[in-house]
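User: Hi! I'm new to reading protein structures. Could we walk through one together, with short questions and answers?

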Amino acid sequence: DSFYRPYYDILPRTLRNMPIFWDEAELEWLRGSYLLSQIDERKLAIDNDYRAICAVAPELASYATPEEFAWARMCVCSRNFGLTVNDLRTAALVPYADM
């Protein structure tokens with residue numbers, strides 16, 4: 001069990017509010033906008049990352065499906081904070097700041 005388990009437990013189970021997880025009928029509302037190509041690019045990038053990680057760490061596939069990986073990736077993308085640690089700029093999840 002992780003020290004961060006309480007934080008993990010409060011993360012949303014779905015991210016249906018993010019267009020990347022919308023179905024075709026919902027995406028139809030965005031037809032004609034540049035947002036559709038951005039959504040496609042993000043989906044492709046996430047899929048490519050999943051495949052690249054599985055290529056070097058095949059065990060990932062036994063822990064997370066591509067859909068679960070996309071959920072986790074978008075949780076991080078929507079909750080990371082820019083920080084400077086030891087004069088290095090980085091991004092991190094900051095549980096108390098996300099509450």
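User: Let's start with Glu68. In which helix is the place of Glu68?

Analyst: Happy to help, and please keep in mind that this is a predicted model. Glu68 has its place in a helix, and that helix is α5.

User: Is Glu68 buried, partly exposed or exposed?

Analyst: Buried means under 20% relative accessible area and exposed means over 50%, with partly exposed in between. Glu68 has 42% relative accessibility, so it counts as partly exposed.

User: Which backbone nitrogen does the side chain of Glu68 reach?

Analyst: The gap is 2.8 Å, and a polar contact needs N or O atoms within 3.5 Å. The backbone nitrogen that the Glu68 side chain reaches belongs to Thr65.

User: How far apart in space are Glu68 and Thr14, C-alpha to C-alpha?

Analyst: Along the sequence, 54 residues separate Glu68 and Thr14. In space, their C-alpha atoms are apart by 9.8 Å.

User: Now for helix α5 itself. What is its reach from the first C-alpha to the last?

Analyst: Helix α5 has 14 residues. At 1.5 Å a residue, the expected value is 20 Å, and the model comes close to it. From first C-alpha to last, α5 reaches 20 Å.

User: Which residues of α5 are buried?

Analyst: Elements that cover the buried residues of α5 include α1, α3, α4, β1 and β2. The buried residues beneath that cover are Phe69, Ala70, Met74, Cys75 and Arg79.

User: Arg79 is on that list. Why does Arg79 count as buried?

Analyst: Arg79 is found in helix α5, and its side chain makes a polar contact of 2.8 Å with the side chain of Ser78. The cut-off for buried is under 20%. Arg79 counts as buried because its relative accessible area is 17%.

User: How many residues does the largest nonpolar core have?

Analyst: In soluble globular proteins, nonpolar side chains tend to be buried together. Here the largest nonpolar core includes Leu15, Met18, Ile20, Ile46, Tyr50 and Phe69, among others. Its full count of residues is 12.

User: Which helix gives the most to this core?

Analyst: Both α3 (35–56) and α5 (66–79) supply at least two residues of this core. With 4 residues, the helix that gives the most is α5.

User: Ile20 belongs to the core. Which residues is Ile20 in contact with, leaving aside its neighbours within four places in sequence?

Analyst: Contact here means heavy atoms within 4.5 Å. Once the neighbours in sequence are set aside, the contacts of Ile20 are Ile39, Arg42, Lys43, Ile46 and Met74.

User: On to charged pairs. How many salt bridges does a search of the whole structure find?

Analyst: One of them joins Asp9 and Arg5, with the closest N and O atoms 3.1 Å apart. Another joins Asp47 and Arg51, at 2.8 Å. The search of the whole structure finds a total of 5.

User: How far apart along helix α1 are Asp9 and Arg5, in helical turns?

Analyst: Asp9 is partly exposed at 38%, and Arg5 is partly exposed at 41%. The two are 4 residues apart in α1 (residues 5–10), so their separation is about one helical turn.

User: Is Arg51 buried or exposed?

Analyst: Asp47 and Arg51 both lie in helix α3, 4 residues apart. Asp47 is partly exposed at 26%. Arg51 has a relative accessible area of 56%, and the cut-off is over 50%, so Arg51 is exposed.

User: Which helices hold Arg73 and Asp49?

Analyst: The side chains of Arg73 and Asp49 meet in a salt bridge of 2.3 Å, N to O. This pair links distant parts of the chain, 24 residues apart: Arg73 is in α5 and Asp49 is in α3.

User: What about aromatic rings: is the pair of Tyr7 and Tyr8 stacked, edge-to-face or tilted?

Analyst: A search of the whole structure finds 3 aromatic pairs. The rings of Tyr7 and Tyr8 have centres 6.5 Å apart and planes at 50 degrees. Stacked needs under 30 degrees and edge-to-face over 60, so this pair is tilted.

User: Last one! What is the phi of Asn86?

Analyst: Most residues other than glycine have a negative phi. Asn86, in the loop between β1 and β2, is not a glycine, yet its phi is positive. The value is about 50 degrees.

Conventions. Residues are numbered from 1 along each chain as its sequence is written. This is a predicted model: local features need pLDDT of at least 70, side-chain atom pairs count only at pLDDT 80 or more; totals for chains, interfaces and linings use all residues. Side-chain values use heavy atoms; hydrogens and water are left out. A nonpolar core is a set of buried Ala, Val, Leu, Ile, Met, Phe, Trp, Tyr and Cys residues joined through side-chain atoms within 4.5 Å. Buried means under 20% relative accessible area, exposed over 50%, partly exposed in between (1.4 Å probe, protein chains only). Rings of Phe, Tyr and Trp (its six-membered ring) pair if their centres lie within 6.5 Å; planes under 30 degrees apart count as stacked, over 60 as edge-to-face and the rest as tilted. A polar contact is a pair of N or O atoms within 3.5 Å; within protein, one must be able to donate a hydrogen and the other to accept it, and residues adjacent in sequence count only if both atoms are side-chain atoms. A salt bridge is a side-chain nitrogen of Lys or Arg within 4 Å of a carboxyl oxygen of Asp or Glu. The expected span of a helix is 1.5 Å times one less than its number of residues.
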